Amino acid sequence: MSFHIMGTGSALPRRSVTNDELSAFLETDDEWITTRTGIKSRPVCTTETLDDLAAEAARRALEAAGVTAAELDYIICTTCSAERVTPAEACVVQQAIGATCPAFDVNGACAGYVFALDVADGLFCAGRAERILVVSAEKMSRMADWTDRAICVLFGDGAAATVLGRGGDSPLYLRTTTEGDADVIHSWAPAGNSPFDEVGAARLGEDGTFMQMRGREVFKFAVTHIVSELQLMEKRTGVALSDVDHFVFHQANKRIIDAGVERLGLDPSRVIVTIDHTANVSSACIPLSLDTLARDDALKPGDLVALFGFGSGLVTGTCLLRWQPALA
Ligand code: ACO
């Protein structure tokens, strides 16, 4: 237990693309997308870059926290869809907001935000930081094949940030898991032009650089692990799930969330759902939901907030936080 969340912020592209707009160029319709996923529209970058969104989310979180860029000790970005292979997105944010601290990225796919909290917890516990900015920024529209109706309808773009301060009750629980599987969800990096590489081009020939996913397997993995990981959290912390005030799940499919809620017997009014208008923004989903709760004044001091993310890897991240924004 080493930190508290001091402030949150987010930034979405101006353009929101509806299901009906997709059916103009894909063999799909609003009814299929809504009933199978819960998505009605998704934010998609047009004139904004991921850098713009990440920096704006960071500025808003700093403002909410009352912290200046100069006071930051680290910036950690989570992303699996950055526009550059290098430098890290965190370096771009550092430059944009005028910070001077070390900055690096974490790629934990859709559970990336919880992986970043794990890293931050370690830095706070080691006495190496007073203030850490975590920015989750994803441009999933770049990874999706817009001719593949089974993929492109699912994703959106956006960024969300939180400022963490040393001291506080969080995390009351944090567990990350990886079941190494590089196949079920993957996206290849661009091939180079090495005349010696005999596999890179062949791999790209099969899949291209677009995201490939076996949706049903991911669906089962997600539902199984929402249940098992939250039950484990309950057992290890002694905090009953019925005492958790807010559940913030990765927003990949409303039916995944509903299945978890039903199997765990959770009160649906304590489960935030943003997928209808955000779609799957990968690692930005969880902090985006936190920012929505914070700005709607739905989080009261002392509230318990459970986070659960899952994604490519295959990874999961589970965390129990106490909401203490005003802690000195
Ligand atoms: N519109 C109309 N029909 C469609 C669409 C579409 N957009 N997409 C697929 N279909 C069709 C398929 O072609 C298939 O047709 P067929 O029966 O004639 O072959 C039919 O619908 C059923 O397809 P399924 O893939 O079986 O549909 P399912 O109900 O499983 O839903 C979905 C697919 C939404 C992808 C679901 O499996 C899912 O949500 N999986 C989890 C995805 C997830 O969690 N991703 C997160 C990871 S992302 C990351 O980590 C970065």
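Okay, so let's start at aspartate 297, which sits in the loop between α12, residues 285-295, and β12. Keep in mind that we're looking at a predicted model. Is that aspartate buried or exposed? Aspartate 297 has a relative accessible area of 56%, so we call it exposed. Now go 14 residues along the chain to glycine 311: the two C-alpha atoms are separated by 29 Å.

β12 itself runs 304-311, and that strand takes us to the ligand, as one of the elements giving at least two residues to the shell around it. The others are α2 at 30-37, α7 at 149-152, α9 at 215-237 and α10 at 254-264. How many residues surround the ligand? There are 28, and the closest are Thr28, Arg36, Arg149, Arg216 and Asn253. α9 has the largest share of that shell, with 4 residues. If you sort the shell by class, you get 15 nonpolar, 8 polar and 5 charged residues.

Let me go through some polar contacts. The side chain of asparagine 253 puts an N or O atom 2.7 Å from an oxygen of the ligand. For arginine 255, again through a side-chain N or O atom, the distance to a ligand oxygen is 3.1 Å. Serine 312 uses its backbone instead, with an N or O atom 3.1 Å from a ligand oxygen. As for cover, the ligand on its own has 1000 Å² of accessible area, and the protein covers 76% of that.

While we're talking about α2, have a look at its two ends. At the N-terminal end, aspartate 29 is the cap, with a side-chain oxygen 3.1 Å from the backbone nitrogen of glutamate 31. Just after the helix comes glycine 38, with a positive phi of about 85°.

Next, the packing. The largest nonpolar core has 47 residues, and Leu230, Phe247, Phe249 and Phe310 touch the most other members. Which elements supply at least two residues each? Those are α6 at 140-143, α7, α9, β11 at 246-249, α10, β12 and β13 at 313-322. Once more α9 turns up: it gives the most to this core, 9 residues. If you want one residue to click on, try phenylalanine 310. Leaving out residues up to four places away in sequence, phenylalanine 310 touches Cys110, Ala111, Val218, Phe221, Ala222, His250, Ala252, Ile256, Val315 and Thr316. Apart from that core there's another one, of 30 residues, including Tyr74, Ala116, Ile132 and Val134.

Last bit: the backbone oddities. Most peptide bonds are trans, and most residues other than glycine have a negative phi. Here, though, a cis bond joins serine 170 and proline 171, with omega about -5°. Proline 171 is in the loop between β7, 157-166, and β8, 173-181. There's also a cis bond between glycine 313 and leucine 314, with omega about -5°, and leucine 314 is in strand β13.

For positive phi, go to the loop between α11, at 275-278, and α12, where you'll find alanine 279. Alanine 279 isn't a glycine, yet its phi is positive, about 55°. Serine 282 lies in the loop between α11 and α12 too, and its phi is near 45°, also positive. So are these two buried or exposed? Alanine 279 is at 0% relative accessibility, so it counts as buried. Serine 282 has a relative accessible area of 1%, so that one is buried as well.

How values were computed:
Residues are numbered from 1 along each chain as its sequence is written. This is a predicted model: local features need pLDDT of at least 70, side-chain atom pairs count only at pLDDT 80 or more; totals for chains, interfaces and linings use all residues. Side-chain values use heavy atoms; hydrogens and water are left out. A residue is near a molecule or strand if one of its heavy atoms lies within 4 Å of it. A polar contact is a pair of N or O atoms within 3.5 Å; within protein, one must be able to donate a hydrogen and the other to accept it, and residues adjacent in sequence count only if both atoms are side-chain atoms. Accessible areas come from the Shrake-Rupley method with a 1.4 Å probe; for residues, only the protein chains shown count as cover. Ala, Val, Leu, Ile, Met, Phe, Trp, Tyr, Cys and Pro count as nonpolar, Asp, Glu, Lys and Arg as charged, and the others, Gly among them, as polar. A nonpolar core is a set of buried Ala, Val, Leu, Ile, Met, Phe, Trp, Tyr and Cys residues joined through side-chain atoms within 4.5 Å. Buried means under 20% relative accessible area, exposed over 50%, partly exposed in between (1.4 Å probe, protein chains only). Contact means heavy atoms within 4.5 Å.
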